Amino acid sequence: MSNDSSITLQFSVEREDYIKLFSHSPVIRKLKWFVTFANLVTGILVYVAMQFVEVIFLGNEFKIFNGELMTYSLILFIIFCIFTYRKLRTKTLNRANENFNDIYEGRSYTIEYNIEAAEFLIGNRRRRVPVDSQMEIVKTKRYYFFYWGKSMGRNIFPIPIYGSNDYMNKIDKIMEYIYKEGKVKTRELDE
């Protein structure tokens, strides 16, 4: 603790834990929903196009629910989903590894929680991250993951939940102050 109005933590972050932090960010979660919706729309458009081809070019009777075409469209939807989720996962892992290398690799990370201002001061440049309604905290077995805002900027950071007794007391105090604010969204992540 640097003084009575702030609590300072210093720790290192492991690559796997940062990748988990990055992968569970609100932006990535929303992107997964968007990809699913886009694949569904693509599947519907393929079904409509195949209906059009069957009626216009093959001269078959129009059926709203054509079992063969629905099966084909469903198979295409599943294939599109598998492909796009794999692509999204690969891009997410690459980006998370790049960020980890830039921010955490081989370094000790410092976070200070200013009690009076209810904000975190992150890293050497002491970037300000307020504890307000834009913050979401995800608790895992080993970390608290903090997400602030809707962007993928550097306003995401982890705080380990393990360490010495002094370190654990500091974590407990920080979380107590954060929960007093009452504006922060919290959830637990099952691993």
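In which sense do strand β2 (residues 109-114) and strand β3 (residues 119-122) pair, and over how many bridges? This is a predicted model, and the tour begins with these two strands.

**First stop: the open sheet**

Select residues 109-114 and 119-122. Strands β2 and β3 pair in the antiparallel sense, over 4 bridges. Within this pairing, N114 stands opposite E119 of β3.

Next, widen the selection to the sheet around them. It is an open sheet of 4 strands, in the order β1-β2-β3-β4, with antiparallel pairing. At its edges lie β1 (6-11) and β4 (127-130), each of which pairs on one side only. On average, neighbouring strands of this sheet are turned by 20 degrees against each other, direction ignored.

**Second stop: the helix on the sheet**

Now add residues 165-181, which form helix α4. This helix packs on the sheet and touches β1, β2 and β3. The direction of α4 makes about 130 degrees with that of β1.

**Third stop: aromatic rings**

Display the aromatic side chains. Across the whole structure, a search finds 15 aromatic pairs. Select Y113 and Y177: their ring centres are 6.5 Å apart and their planes stand at 25 degrees, so this pair is stacked. Because Y113 belongs to strand β2 and Y177 to helix α4, the pair ties together parts that are 64 residues apart in sequence. Are the two residues buried or exposed? Y113, at 1% relative accessibility, counts as buried, while Y177, at 26%, counts as partly exposed.

A further pair to select is F146 and F157. These rings are also stacked, at 4.9 Å centre to centre with 5 degrees between the planes. F146 lies in strand β6 and F157 in strand β7 (residues 156-160), so the pair ties together parts 11 residues apart in sequence. Both F146 and F157 are buried.

Then select F11, Y18, F22, F100, Y104 and Y109, which ring pairs link into a cluster.

**Fourth stop: strand β5 and its partners**

Finally, select residues 135-139, strand β5. This strand is mostly covered, with 4 of its 5 residues buried. Which strands pair with β5? One is β6 (residues 143-148), paired in the antiparallel sense over 5 bridges. A hairpin through 3 residues joins β5 to β6, and K139 has Y144 of β6 as its bridge partner. Another is β8 (residues 185-188), which runs parallel to β5 and is joined to it by 4 bridges. Here E136 has K185 of β8 as its bridge partner.

Methods. Residues are numbered from 1 along each chain as its sequence is written. This is a predicted model: local features need pLDDT of at least 70, side-chain atom pairs count only at pLDDT 80 or more; totals for chains, interfaces and linings use all residues. Side-chain values use heavy atoms; hydrogens and water are left out. Two strands pair if DSSP finds at least two bridges between them. Helices (H or I, at least four residues) and strands (E, at least two) are DSSP runs, numbered from the N terminus. Axes are lines fitted to C-alpha atoms, for helices over the stretch in contact, and angles run from 0 to 180 degrees between N-to-C directions. Contact means heavy atoms within 4.5 Å. Buried means under 20% relative accessible area, exposed over 50%, partly exposed in between (1.4 Å probe, protein chains only). Rings of Phe, Tyr and Trp (its six-membered ring) pair if their centres lie within 6.5 Å; planes under 30 degrees apart count as stacked, over 60 as edge-to-face and the rest as tilted.
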